[in-house]
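Open the model in your viewer and keep the sequence panel visible. The stops below go from the whole chain to single residues.

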Amino acid sequence: MAARVDRPDRIRGRIAIPPDKSVSHRAFIFNAIADGIATIERPLDSLDVRSTVACLRSLGVEITWSEGDPVATVTGRGLHGLFESEDVLDCGNSGTSMRLLAGLLAAHPLLSILTGDVSLRRRPMARVIGPLRNMGAQIFARTGDTLAPIVIKGGGLRGITFQSPVASAQVKSALLLAGLYAEGRTRIDEPARSRDHTERMLSAMGADVRQDGTAVTIEPATRLAAMSLRVPGDISSAAPWLVLASCHPDAELLLEGVNTNPTRTGILEILRAMGASIEVLEERTTGGEPVADLVVHSAKLHGTTVSGALVPRAIDELPLVALAACFAEGETVVKEAAELRAKESDRVDAVVQALGHLGARVHPRPDGFIVEGPVTGLRGRRIDAGGDHRIGMLAGVAGALVPGETRIDDDAVAVSYPNFWDDLRRASSGAVAVQ
Ligand code: S3P
């Protein structure tokens with residue numbers, strides 16, 4: 001599929017932000033091992049979440065959710081009710097599916113094989129395999145137990161104390177799931193706090209999960225109670241619009257129903273530090289998560305530095321920060337973000353290539369990038385998103401900000417935001433065509 005984007009004169013409108021991907025995965029996985037029937041309102045209907053649902057169905061979980069259904073139901077099998085899958089479990093492009101399910105299946109005395117697409121089969125899995133093996137699971141993978149497919153024969157786990165070298169909610173969640181089944185307490189400490197949707201949801205379902213600074217502990221559980229919820233909007237899917245409206249000279253957007261969980265709001269802090277105008281309205285709670293509407297206007301931006309604890313709180317939005325930095329006065333530095341290189345693509349290289357191709361001055365660092373702004377002479381060109389949904393959206397927003405036509409070869413946006421091109425077309429009064 002290819003999208004053609006021209007720079008519109010104005011950006012206006014209201015966008016109902018699509019449901020949170022992280023919360024949607026967790027709602028299906030945790031309810032699959034709960035007691036009772038859960039109703040999940042507005043789960044994200046995207047390829048990644050469909051991968052999780054397909055894997056859970058192969059493990060014997062009854063999930064009713066047809067295409068286009070705004071509501072799904074999950075009939076929990078209880079903590080010990082999963083069946084051995086007859087086939088390999090295909091996680092598609094989804095790291096969240098693979099790592100969380102690895103943690104869950106490490107606790108089950110079943111043979112499970114997890115695989116994924118070419119991108120996922122290149123992503124680091126030793127970060128979950130090592131600690132799960134320390135907990136007692138038999139778990140193997142390609143190339144010295146680092147790459148999927150992963151083969152698991154689980155069960156008989158004991159709790160561990162694990163100092164994670166990376167701030168990763170996927171690693172933390174995998175170990176928390178395993179910890180539910182282990183003998184004794186499991187403790188995971190991170191270099192900085194990653195998103196805490198797992199802790200919130202498991203604790204609402206009755207698990208004994210405690211936060212202690214950057215560490216989290218979980219006690220073994222005897223049952224989880226099913227949790228019905230409505231999934232809030234994903235701040236990672238609001239981020240393209242925050243950057244588009246901040247950088248466009250004549251813009252105002254209302255973004256409805258955004259999850260403003262403080263472990264996810266790094267992008268708001270970064271853009272505000274750059275001078276953005278973002279108002280937070282109608283604060284409320286949905287599905288155990290704080291939610292608000294955001295109003296964003298055109299602004300005069302200046303450069304900033306992003307590092308430390310801010311990085312995991314904005315990890316998926318950092319490519320968009322590079323784009324905002326192209327329109328900002330002065331230099332923007334993103335550092336201590338080597339994790340960018342371990343995503344659906346190497347997002348340092350992907351950002352340097354995509355924005356560099358449009359004429360931006362973006363320099364790679366081993367752990368991030370430096371952008372010299374403001375860049376004059378940016379021009380639309382043809383960009384290949386390289387199968388990475390966030391790079392596809394970055395290119396779409398860039399196309400709406402630079403003169404000349406930008407053509408994006410994208411086959412990945414549907415991984416997290418199936419209506420992205422429609423929403424871009426509406427916000428930019430038609431300056432987008434999709435073939
Ligand atoms: C996610 C955690 C993050 C994030 C990903 C979703 C999650 O990954 O980049 O898009 O749902 O737990 P890491 O845990 O690898 O940082």
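Contact here means heavy atoms within 4.5 Å. With that cut-off, take the contacts in the protein chain between residues at least 6 apart in sequence: 75% of them join residues at least 24 apart.

This is a predicted model, in which local features need pLDDT of at least 70 and side-chain atom pairs count only at pLDDT 80 or more, while totals for chains, interfaces and linings use all residues. Residues are numbered from 1 along each chain as its sequence is written, and side-chain values use heavy atoms, with hydrogens and water left out.

**Whole chain**

Select the protein chain and switch to a cartoon. The secondary structure comes to 13 helices and 24 strands; these are DSSP runs numbered from the N terminus, with helices being H or I of at least four residues and strands E of at least two. Along the principal axes, the C-alpha atoms fill a box of roughly 60 × 40 × 40 Å. The radius of gyration of the protein chain is 21 Å, which agrees with the value near 22 Å for a compact globule of 435 residues. That radius is taken over C-alpha atoms, and the globule rule is 2.2 Å times the number of residues to the power 0.38.

Now colour by accessibility. Buried means under 20% relative accessible area, exposed over 50%, and partly exposed in between, with a 1.4 Å probe and protein chains only. Buried residues make up 61% of the 435 residues. The protein chain exposes about 15,400 Å², of which carbon and sulfur atoms supply 48%; the areas come from the Shrake-Rupley method with a 1.4 Å probe, and for residues only the protein chains shown count as cover.

**Cysteines**

How many disulfides does the structure hold? The structure holds zero, a disulfide being a pair of cysteine sulfur atoms within 2.5 Å. Select Cys55 and Cys91: the sulfur of Cys91 is the nearest cysteine sulfur to that of Cys55, at 4.2 Å, and Cys55 is in no disulfide. Cys55 is buried, with a relative accessible area of 1%.

Go on to Cys326. Its closest cysteine sulfur, in Cys247, is 8.4 Å away, too far for a bond. Cys326 is buried as well, with a relative accessible area of 1%.

**Helix 7**

Select residues 197-204, which form helix 7; His197, Thr198, Glu199, Met201 and Leu202 are buried there. Gly206 follows helix 7 and has a positive phi, near 110°.

**Strand 16**

Move to residues 277-286, strand 16, where Thr286 is found. Is Thr286 buried or exposed? Thr286 counts as buried because its relative accessibility is 16%. Leaving out residues up to four places away in sequence, Thr286 touches Arg230, Val231, Pro232 and Val291.

Arg284 is also found in strand 16, but this residue is partly exposed, at 35% relative accessible area. Beyond its neighbours within four places in sequence, Arg284 is in contact with Gly257, Glu289, Pro290, Val291, Ala292 and Asp293. Add Asn259 to the selection: its C-alpha is 9.6 Å from that of Arg284, and the two are 25 residues apart along the chain.

**Ala431**

For the last stop, select Ala431, in the loop between helix 13 (420-427) and strand 24 (432-434). Ala431 counts as buried, at 16% relative accessibility. Not counting residues up to four places away in sequence, Ala431 touches Arg4, Val5, Asp6, Pro8 and Arg425. A distance to Val231 reads 31 Å, C-alpha to C-alpha, with the two positions 200 residues apart in sequence numbering.
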